[in-house]
Amino acid sequence: IFAHLLREKNNSINTLLVEFSENENIYQLKESLNSVVMTTDFFTIFHVDEYEVILPVEVIANLNEFNLYLANCDFSEVGAIFTSKILENIVDTTKRELMGLYTTPQGLARYLVEVTLEDSEGDFADFTVGSGTIAKFLIEKISEYKGIEYAHDHVWVSDKYSYPLQVANLAITSKESMNFKNIVFQSDAIDINCGDEIYIVNPLTGKKEKLIIPKFNCIVSNLPFISSNNRINENKNLLRFTKQYNIDNRADLYQILILKYKELLMDNANSKVGVIISNSWFKTQKEYKSFYKTLSGIFDIEFVISSNKGKWFDNADVVASIIVLKNKRQNNCKVKFIGLNKNPSICSPSEVDELVQNTIFGNESSDVSVQEYNNDEVIKYINLGMSLEPLFDDVSWLENIFNKLICLNKVFDSSRGVRTGA
């Protein structure tokens with residue numbers, strides 16, 4: 001399928017498909033695909049190992065029958081939604097839940113990029129790239145200001161798993177960018193460090209190129225929806241962050257990855273992180289512990305964004321939120337709590353543009369509710385025992401009775417539970 005998606009853009013790929021349709025020589029197909037890998041940047045898609053061609057004759061015949069069928073299909077208008085669906089169908093539901101792999105809807109990806117990206121200079125990344133939807137919009141946005149070659153030279157994408165990388169590589173490739181490199185590599189986000197070396201194939205020269213991972217001006221991601229219960233064979237680096245920031249060892253993976261991203265940011269005022277995450281971090285824990293407090297200690301929190309109307313993902317039970325963070329520069333920054341009355345996942349491009357403008361400028365409308373606080377005010381409400389959910393509404397009336405409130409456990413012996421997120 002991937003070869004046929006690219007056949008109109010690459011003569012070598014078209015030729016190997018035609019040859020296989022004529023001779024059904026699986027060994028020649030392997031050599032041809034590996035030859036294409038040497039002159040393009042599609043290793044994750046086309047590389048064939050030695051033992052992958054040991055197939056029964058009937059299977060090879062069926063493969064060619066499918067090849068001939070695809071040859072008669074028109075892929076010229078195929079978009080990112082199609083490739084995203086391929087990814088979802090490759091990985092079954094159970095594995096997808098364990099991997100936290102849920103493709104990002106087009107409108108939501110665009111909204112995230114637009115509200116996060118502030119400066120088109122520097123290097124940019126998505127280290128949980130999935131189907132590549134966010135990276136695609138990131139490249140498009142940077143291309144508007146700096147040109148498509150600059151965008152491909154400065155956008156870095158990776159994923160822990162090879163499945164999504166194959167689709168992501170396609171998603172960020174256009175007819176105009178076939179001769180530009182895609183900086184796509186496989187790595188667990190928690191293991192990525194500035195100064196590490198990676199290797200890609202430069203399609204312009206057909207040669208391997210060594211790249212050094214830089215500090216980043218902006219990182220945008222749809223972080224995996226993996227709870228602490230599903231962190232199987234967990235990476236030892238996770239514990240380093242729970243100790244360093246004194247957070248619970250049962251913290252969800254997305255919380256630790258945000259802390260990791262802090263290490264990868266450039267140290268300037270415009271460096272930002274924008275991520276889609278579960279809303280499970282909204283809750284306030286025992287002794288008034290809150291992930292918000294952890295984040296506000298190392299970032300200026302710019303936006304906390306939630307849905308006032310249904311879920312953004314139709315393929316996951318998780319209730320999602322967005323948080324946009326900047327390098328710490330102020331002791332008491334302004335924080336906007338944004339409630340979206342429209343679902344960006346199903347909005348038209350013009351509707352997404354309107355949501356973006358109202359979000360950035362803090363404009364109240366029928367589609368966007370805005371509450372703005374000083375960071376110290378948010379901390380004060382958390383220390384009152386409140387979770388973050390009420391802060392999307394006007395709670396200023398609490399100021400009138402704040403000094404009259406006492407902790408419930410001074411009057412009752414009680415236990416309570418909080419149900420948020422997955």
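Here are some short exercises with worked solutions that walk through this structure.

This is a predicted model, in which local features need pLDDT of at least 70, side-chain atom pairs count only at pLDDT 80 or more, and totals for chains, interfaces and linings use all residues. Residues are numbered from 1 along each chain as its sequence is written, and side-chain values use heavy atoms, with hydrogens and water left out.

**Exercise 1. The whole chain**

Task: Find how many helices and strands the chain has, and what percentage of its residues count as buried.

Solution:
- Step 1. The secondary structure comes to 16 helices and eleven strands. Helices (H or I, at least four residues) and strands (E, at least two) are DSSP runs, numbered from the N terminus.
- Step 2. Of the 422 residues, 53% count as buried. Buried means under 20% relative accessible area, exposed over 50%, and partly exposed in between, with a 1.4 Å probe and protein chains only.
- Step 3. Now take the contacts between residues at least 6 apart in sequence: 73% of them join residues at least 24 apart. Contact means heavy atoms within 4.5 Å.

**Exercise 2. The sheet**

Task: Work out the order of the strands in the nine-stranded sheet, and say which strands stand at its edges.

Solution:
- Step 1. The sheet is open, its pairing is mixed, and its order is β3-β2-β1-β6-β7-β9-β8-β10-β11.
- Step 2. At the edges stand β3 (183–186) and β11 (368–374); each has a single partner strand, so one side of each is left without a neighbour in the sheet. Two strands pair if DSSP finds at least two bridges between them.
- Step 3. From one strand to the next, the twist averages 15 degrees.
- Step 4. Look inside the sheet at β7 and β9, which pair in the antiparallel sense over seven bridges. Here V273 stands opposite L325 in β9.

**Exercise 3. Two helices on the sheet**

Task: Find which strands α8 touches, and where α8 and α15 meet.

Solution:
- Step 1. Helix α8 (residues 106–116) packs on the sheet and touches β6, β7, β8, β9 and β10 (334–340), with its direction at about 145 degrees to that of β7. Axes are lines fitted to C-alpha atoms, for helices over the stretch in contact, and angles run from 0 to 180 degrees between N-to-C directions.
- Step 2. Helix α15 (residues 349–361) lies across β8, β10 and β11 and runs at about 150 degrees to β10.
- Step 3. The axes of α8 and α15 come within 10 Å and cross at roughly 35 degrees. On the α8 side, G107, R110, Y111, E114 and V115 make the contact, and on the α15 side P349, V352, D353, L355, V356, T359 and I360 do so.
- Step 4. Pick out R110, which lies in helix α8. R110 counts as buried because its relative accessibility is 18%. Leaving aside neighbours within four places in sequence, R110 is in contact with F137, P349, V352 and D353.

**Exercise 4. Helix α13**

Task: Decide whether α13 is largely enclosed or not, and check its span.

Solution:
- Step 1. Ten of the twelve residues of α13 are buried, so the helix is largely enclosed by the rest of the structure.
- Step 2. Those buried residues are L253, Y254, Q255, I256, L257, I258, L259, K260, Y261 and L264.
- Step 3. Their cover includes β6 (218–222), α12 (236–244), β7 (272–278), α14 (291–298), β8 (299–307) and β9 (320–327).
- Step 4. The expected span of a helix is 1.5 Å times one less than its number of residues. For α13 (residues 253–264) this gives 16 Å, and the end C-alpha atoms are 17 Å apart, which agrees.

**Exercise 5. Three loop residues**

Task: Locate E24, N246 and E287, and describe the setting of each.

Solution:
- Step 1. E24 sits in the loop between α2 (11–23) and α3 (26–39). E24 counts as partly exposed because its relative accessibility is 35%.
- Step 2. Leaving aside neighbours within four places in sequence, E24 is in contact with E19, I60, A61 and N64. The C-alpha atoms of E24 and A61 are 7.1 Å apart, while 37 residues separate the pair in sequence.
- Step 3. The side chains of E24 and N64 are joined by a polar contact of 3.2 Å. A polar contact is a pair of N or O atoms within 3.5 Å; within protein, one must be able to donate a hydrogen and the other to accept it, and residues adjacent in sequence count only if both atoms are side-chain atoms.
- Step 4. N246 belongs to the loop between α12 and α13, and is exposed, with a relative accessible area of 58%. Its phi is positive, about 55 degrees, although N246 is not a glycine.
- Step 5. E287 is in the loop between β7 and α14, and counts as exposed at 73% relative accessibility. The phi of E287, a residue other than glycine, is positive and near 60 degrees.
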